[in-house]
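Me: I'm new to this structure and would love a close look at a single part of it. Could you walk me through the salt bridges and the helices that carry them?

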Amino acid sequence: MKFFNDHLEEFFIIPLMFLMSVIIGIQVIMRYVFQNSLVWSEELSRYMFIWLIYFAVSYTARREKHIRIDAAINLYPKKLRPYIEILSELIVLGFSVFIAVTAVTVFQKITWSGQLSPAMRIPMQYVYAAPLIGFVLTAIRQVQCILRRIKAIKNHEEVAEA
């Protein structure tokens, strides 16, 4: 379980990035060397990129490397900063839950519509599942981060990087 917890996002990010690069490379060779392009390559690369992005959001949440304004946190007294950081993480958690709940609605509508992708004819619900899964994972990572910060406050220590 520890390996799964520590490397879940990388398990998807690395193959997605690799396959996306290979597919785009093949498309470039087909277009400029053989004067013939693949119909499906751009669409598949785009969908892989979408999934990559949502796994990357969760990855950055796990590593606590998501965008935040450290200058604003540094305005507060040193003793108050850990609590402000928890508040910041709670806001990101709330945003993640909001997006995940909204994504459920969008996913259900797309599933109900039966929409297919133009070139590959795959059900679009597979593409629209990316924000749902990505932000559910992000919410889980945010909860882990908040618990880690609370534990650090209780033990009077600095928060270690995840």
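Reply: Happy to! Let's start with R62, which is buried because its relative accessible area is 10%, below the 20% cut-off for that label. Please keep in mind as we go that this is a predicted model.

What does the side chain of R62 meet? Its partner is E10, and the two side chains form a salt bridge with an N to O distance of 2.9 Å. This pair links distant parts of the chain, since R62 belongs to helix α2 (residues 41-62) and E10 to helix α1, 52 residues apart. As a general point, side chains of opposite charge can pair when their charged atoms come close.

Now stay with helix α1 and look at D6 and K2. Their side chains also meet in a salt bridge, at 2.7 Å from N to O. Here the partners sit 4 residues apart in helix α1, so about one helical turn separates D6 from K2. How accessible are the two? D6 has 22% relative accessibility and therefore counts as partly exposed, while K2 is exposed, with a relative accessible area of 61%.

Helix α1, which spans residues 2-32, also has a partner in helix α5, residues 125-154: their axes come within 12 Å and cross at roughly 135°. That angle is why α1 is described as oblique to α5; an angle would have to be over 145 degrees to count as roughly antiparallel. The crossing of the two helices is left-handed. On the α1 side, the contact is made by F4, N5, L8 and E9, and on the α5 side by L137, R141 and Q144. Sorted by character, the residues of this contact are 3 nonpolar, 2 polar and 2 charged.

Helix α5 brings us to one more salt bridge. The side chain of R149 meets that of E85, with 2.7 Å between N and O. This is again a link between distant parts of the chain: R149 lies in helix α5 and E85 in helix α4 (residues 81-113), 64 residues apart. Are these two buried or exposed? Both R149 and E85 are buried.

R149 and E85 also belong to a network of salt bridges, in which they are linked with E64, E89 and R148. For the wider picture, a search of the whole structure finds 9 salt bridges, among them the one between R62 and E10 where we began.

Key
Residues are numbered from 1 along each chain as its sequence is written. This is a predicted model: local features need pLDDT of at least 70, side-chain atom pairs count only at pLDDT 80 or more; totals for chains, interfaces and linings use all residues. Side-chain values use heavy atoms; hydrogens and water are left out. Axes are lines fitted to C-alpha atoms, for helices over the stretch in contact, and angles run from 0 to 180 degrees between N-to-C directions. Angles under 35 degrees count as roughly parallel, over 145 as roughly antiparallel, 65 to 115 as roughly perpendicular and the rest as oblique. A crossing is left-handed if the near helix is turned anticlockwise from the far one by less than a right angle, and right-handed if clockwise. Contact means heavy atoms within 4.5 Å. Ala, Val, Leu, Ile, Met, Phe, Trp, Tyr, Cys and Pro count as nonpolar, Asp, Glu, Lys and Arg as charged, and the others, Gly among them, as polar. A salt bridge is a side-chain nitrogen of Lys or Arg within 4 Å of a carboxyl oxygen of Asp or Glu. Buried means under 20% relative accessible area, exposed over 50%, partly exposed in between (1.4 Å probe, protein chains only).
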